[in-house]
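Got the model open in your viewer? Keep the selection box handy and follow along, one stop at a time.

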Amino acid sequence: MEENICILGDSIAKGVVFDAQRNRYTIANNNLGKQLAEMYDCSVTNLSKFGCTVTDGLARFEKQKDALQDCRTVLMNFGGNDSDFLWQEISAAPDELHKPKTPIDIFEQTYLNLIERVRKCGFTPVLLNLPPVDHTRYFAWISRELNADNILKWLGGTSEFIYRWHEQYSVAVHKIAQAANVKLIDIRSVFLERRDYCNYLNDDGIHPNEKGYDLIASAVMKQFVK
């Protein structure tokens, strides 16, 4: 029986890029799913979705799992949206307490629950950590129609907080993989080992560009044995 691959995650797992000429998001021609299908001559079912958190991912897996019986491996990539904030609310009330979309303790527990469900269905879970963000570009992106001064005030005076906060979730993915004894593919390092890693990200500072998706695919293929 052909052993196919499922990808479950957010817009980065989907292969989303920002097309500046058309001023909208689209799917990269060299997205991970396409490159895996070509490399391993198999079918890839990509259940990833723009804006998806790990809680959304668990719901999507439960809804679609019966259609994945020919798959052996489920590649998962969550954390970027989970770590994000509701910037419009922060812009309006910078002196109030604001929580991320998924607090990190809930993120860790929900991800562990998802891994357990994937295993119980007979699939092998494999986790991907998070590519880094360009905090300067991302701050400009999320504040472009909001009160940038208020957001910067809430961030403590520097957009670098965005990088550090996002990084916590990538570190959490490593902890989750260790706790669940699952394979983790390191896609973050292939960006960080480049002095100009921001050149591998879109104008929004968070999604990879075409060159960035090549980095991700290369890292996955080197570390993933089907």
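## Stop 1: the spaces inside

Let's begin with a closed space: the second largest cavity, with a volume of about 40 Å³. Bear in mind that you are looking at a predicted model. To find this cavity, select its lining: I12, A13, L32, N77, L128, Y213 and I216. By class, that lining divides into 6 nonpolar residues, 1 polar and no charged. Colour helices α1 (11-14) and α10 (210-223) as well, since each supplies at least two residues of the lining.

How many cavities of 30 Å³ or more does a search of the whole structure find? The count is 3, and the largest of them holds about 90 Å³ of space. Select G80, S83, D84, F85, W87, Y138, L155, F161, I162, W165, H166 and I206 to see what lines the largest cavity. Sorted by class, this lining has 8 nonpolar, 3 polar and 1 charged residues. Which helix gives the largest share of it? That is α8 (residues 160-180), with 4 residues. We'll come back to α8 later.

## Stop 2: the largest pocket

Now for an open space. The largest pocket has a volume of about 450 Å³, and 21 residues line it. To centre your view, pick Y25, D84, Y138, W141 and I142, which lie nearest the middle of the pocket. The elements giving two or more residues to this lining are α1, α4 (87-92) and α6 (135-142). Of the elements, α6 gives the most, with 3 residues. By class, the pocket lining has 9 nonpolar, 6 polar and 6 charged residues.

Keep D84 and Y138 selected for a moment: both are in the lining of the largest cavity, and both are among the residues nearest the centre of the largest pocket.

## Stop 3: F50 and its contacts

Click on F50, in the loop between β4 (44-46) and α3 (54-64). Is F50 buried or exposed? Somewhere between: F50 counts as partly exposed because its relative accessible area is 45%. Show what lies around it: leaving aside neighbours within four places in sequence, F50 is in contact with S11, V16, Y25 and H207. For V16, try drawing a distance line between C-alpha atoms; F50 and V16 are 34 residues apart along the chain, yet those atoms are separated by 7.7 Å. You have also met Y25 before, as one of the residues nearest the centre of the largest pocket.

## Stop 4: salt bridges

Side chains of opposite charge can pair when their charged atoms come close. There are 8 salt bridges in this model, and three of them make good stops.

- Select R22 and D19. Their side chains meet in a salt bridge at 2.8 Å, N to O. D19 counts as buried because its relative accessibility is 17%, under the 20% cut-off.
- Select K65 and E62. The closest N and O atoms of this salt bridge are 3.0 Å apart. K65 is buried, at 17% relative accessibility, whereas E62 is partly exposed, at 29%. Add R117 to the selection, and you have a network of salt bridges linking E62, K65 and R117.
- Select K153 and D95. Here the closest N and O atoms of the salt bridge are 2.9 Å apart. This pair links distant parts of the chain, 58 residues apart: K153 sits in helix α7 (residues 148-154), and D95 in the loop between α4 and α5 (104-120). D95 counts as exposed because its relative accessible area is 64%.

## Stop 5: along helix α8

Last stop, as promised: α8. This helix has 21 residues and reaches 31 Å from its first C-alpha to its last, close to the expected 30 Å. Which residues of α8 are buried? Select I162, Y163, H166, Y169, S170, A172, V173, I176, A177 and A180. As you scan along, remember that an α-helix has 3.6 residues a turn, so residues three or four places apart point the same way.

Next, bring up what these buried residues pack against: α4, α5, β6 (124-128), α6, β7 (183-185) and α9 (189-192). I162 and H166 should look familiar, as both line the largest cavity.

Finish by stepping just past the end of the helix to N181, where phi is positive, at about 55°.

Note on methods. Residues are numbered from 1 along each chain as its sequence is written. This is a predicted model: local features need pLDDT of at least 70, side-chain atom pairs count only at pLDDT 80 or more; totals for chains, interfaces and linings use all residues. Side-chain values use heavy atoms; hydrogens and water are left out. On a 1 Å grid over the protein atoms alone, a cavity is a set of points where a 1.4 Å probe fits but cannot get out, and a pocket is an open set with protein on both sides within 12 Å along at least five of seven lines; lining residues have an atom within 4 Å of a point. Grid points are joined across faces, edges and corners, and a volume is the space filled by probe spheres set on the points. Ala, Val, Leu, Ile, Met, Phe, Trp, Tyr, Cys and Pro count as nonpolar, Asp, Glu, Lys and Arg as charged, and the others, Gly among them, as polar. A salt bridge is a side-chain nitrogen of Lys or Arg within 4 Å of a carboxyl oxygen of Asp or Glu. Buried means under 20% relative accessible area, exposed over 50%, partly exposed in between (1.4 Å probe, protein chains only). Contact means heavy atoms within 4.5 Å. The expected span of a helix is 1.5 Å times one less than its number of residues.
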